[in-house]
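Subject: The protein–DNA model

Hello,

Here is the structure I promised to pass on. Please have it open while you read, and my notes follow below.

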There are 2 protein chains.
Amino acid sequence: MNDDKNTEEKILNAARQVFIEKGFDGTRMQEIADTAGMNKALLHYYFRSKEKLFMKIFEITFKQFVPKMSGIFSSDTSFMDKIQLFISSYIDLLDKNPYIPLFIIRELSRNPNVIKELIFDKFEIIYNAIDLNVKAEIQAGRIRDIDTKHLILNTVSMCIFPFVGKPLLKHLFKTNDDEYRTILIERKNVVFEVIKKWISI
Amino acid sequence: MNDDKNTEEKILNAARQVFIEKGFDGTRMQEIADTAGMNKALLHYYFRSKEKLFMKIFEITFKQFVPKMSGIFSSDTSFMDKIQLFISSYIDLLDKNPYIPLFIIRELSRNPNVIKELIFDKFEIIYNAIDLNVKAEIQAGRIRDIDTKHLILNTVSMCIFPFVGKPLLKHLFKTNDDEYRTILIERKNVVFEVIKKWISI
DNA sequence: GTCTATATAGGGATAGAC
DNA sequence: GTCTATCCCTATATAGAC
């Protein structure tokens with residue numbers, strides 16, 4: 001770790017690490033302090049309470065997790081290319097941050113209210129952008145008549161779940177970490193293939 | 001609730017309810033006692049510790065969650081029918097127990113060791129049964145040459161993730177609980193359609 | 001700003017009466 | 001078997017010295 005960062009940054013990094021791995025309930029302020037190489041009192045000096053520190057982390061992480069689809073879906077490549085690009089870059093993002101989806105889901109289920117304080121309007125923009133694309137493609141006869149919601153559900157399910165369910169699936173497949181990761185990377189092609197075959201005329 | 005159950009049963013029901021909703025870290029023995037309509041001391045009298053009580057619940061729940069695929073995949077209907085039956089009955093199971101997948105995943109990620117003490121050999125049987133089916137179908141030229149692992153990943157991902165990700169997806173789609181549930185039920189057809197188009201020659 | 005020491009509460013677990 | 005009372009440790013949060 002870089003030691004020439006200011007204290008606040010060090011706390012945020014440590015908190016992020018511990019919260020994401022253990023969740024709010026499983027996290028001890030002491031562990032964050034240890035990870036950051038300081039004492040508990042400093043955490044409270046900078047962020048007042050565990051709850052407030054947590055909210056900061058959740059907010060940052062949430063923004064990172066909700067993908068920059070808007071960009072992808074307003075570019076001028078073909079619809080199929082957009083989908084392929086999304087799947088590929090999303091799996092790459094997950095490969096680099098495998099614990100984030102479970103973190104988000106776990107904490108949202110613990111306290112569904114946190115989400116209301118967040119930038120939820122972005123969701124509407126993202127959904128509308130995708131929906132517009134889908135409807136245009138159907139209209140033009142380039143894809144079958146499918147429901148945008150199910151397209152999203154199918155795509156993100158197949159991208160995210162293998163990361164979330166790893167502790168279980170790893171055993172079902174009798175693979176070690178490296179082998180399982182290889183499978184995850186393969187999915188960049190597989191998921192696109194599945195979606196493509198489904199929506200093609 | 002039925003009051004003419006014995007105490008142990010009452011505790012297990014209450015514990016199940018609270019543990020599944022809040023997870024091990026988020027659960028208080030006091031809340032289980034309140035839910036069961038008794039005092040904390042009794043929980044310890046029957047199960048000694050929170051950890052031991054939790055393990056009982058986890059074991060029971062895990063067995064319920066790991067589906068009876070073995071049955072389905074050793075029946076003598078066609079392969080496509082088996083897949084359709086699996087998807088349909090699995091989504092029904094999830095519809096009745098929507099919190100279970102997150103519970104399993106959350107606790108496995110908290111403590112990956114719990115799984116080793118469990119009936120893991122069953123996994124091998126299940127996987128082999130499916131793999132045998134898939135290989136036979138490919139050999140016979142009835143489906144394309146696909147990887148069993150990805151077939152499983154795609155299918156369970158599309159079935160389970162919409163339940164796990166509900167707190168987030170519900171907002172993305174701007175649906176209320178009833179509308180979202182309708183979508184989930186629709187997926188019995190959608191998921192099968194997607195898989196079918198993918199594996200068909 | 002950063003530390004040590006401590007206040008205060010909460011939660012798992014047990015003792016002991018009935 | 002079931003209850004109340006309590007032990008004891010842990011965790012958040014603060015006070016106060018430097």
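A disulfide here is a pair of cysteine sulfur atoms within 2.5 Å. By that cut-off, the structure has zero disulfides over all chains.

Before the rest, a word on the basis: this is a predicted model, in which local features need pLDDT of at least 70 and side-chain atom pairs count only at pLDDT 80 or more, while totals for chains, interfaces and linings use all residues. Residues are numbered from 1 along each chain as its sequence is written, chains are lettered from A and ligands numbered from 1 in the order in which they are written, and side-chain values use heavy atoms, with hydrogens and water left out.

**The cysteines**

Why is there no bond between A:Cys159 and the closest cysteine sulfur? That sulfur belongs to B:Cys159 and lies 16 Å away, which is too far. A:Cys159 is also buried, with 1% relative accessibility (buried means under 20% relative accessible area, exposed over 50%, partly exposed in between, with a 1.4 Å probe and protein chains only). B:Cys159 likewise counts as buried at 1%.

**The two protein copies**

A turn of 180° with a shift of 0.0 Å along the axis lays chain A on chain B with an RMSD of 0.0 Å (a least-squares superposition on the C-alpha atoms of residues with pLDDT of at least 70 in both). The two copies are therefore related as by a two-fold rotation axis. Both use the same surface, as 100% of the contact residues of chain A recur in chain B (contact means heavy atoms within 4.5 Å).

**DNA strand C**

There are 16 residues around DNA strand C, and A:Thr7, A:Asn39, A:Tyr46, B:Met29 and B:Lys50 come nearest (a residue is near a strand if one of its heavy atoms lies within 4 Å of it). Of the strand C atoms that come within 4 Å of the protein, 64% are sugar and phosphate.

Which parts of B:Thr27 and B:Arg28 approach phosphate oxygens of this strand? For B:Thr27 it is a backbone N or O atom, at 3.3 Å; for B:Arg28 it is a side-chain N or O atom, at 3.0 Å. B:Lys40 places a polar side-chain atom 3.2 Å from a base nitrogen of DNA strand C. The elements giving two or more residues to this surface are helix H3 (40-47) of chain A and helix H3 (40-47) of chain B (helices, H or I, of at least four residues, and strands, E, of at least two, are DSSP runs numbered from the N terminus). H3(A) gives the most, with four residues.

**DNA strand D**

DNA strand D is also surrounded by 16 residues, with A:Lys40, A:Lys50, B:Thr7, B:Asn39 and B:Tyr46 the closest. Sugar or phosphate makes up 62% of its atoms within 4 Å of the protein, and bases the rest.

Three side chains have an N or O atom by a phosphate oxygen of this strand: A:His44 at 3.1 Å, B:Asn39 at 2.7 Å and B:Tyr45 at 3.4 Å. For DNA strand D, H3(B) supplies the largest share of the surface, with four residues.

**One buried threonine**

B:Thr148 sits in helix H9 (residues 148-164) of chain B and is buried, at 3% relative accessibility. Apart from neighbours within four places in sequence, B:Thr148 is in contact with B:Tyr127, B:Ile130, B:Asp131 and B:Val134.

Best wishes

Technical notes. A polar contact is a pair of N or O atoms within 3.5 Å; within protein, one must be able to donate a hydrogen and the other to accept it, and residues adjacent in sequence count only if both atoms are side-chain atoms.
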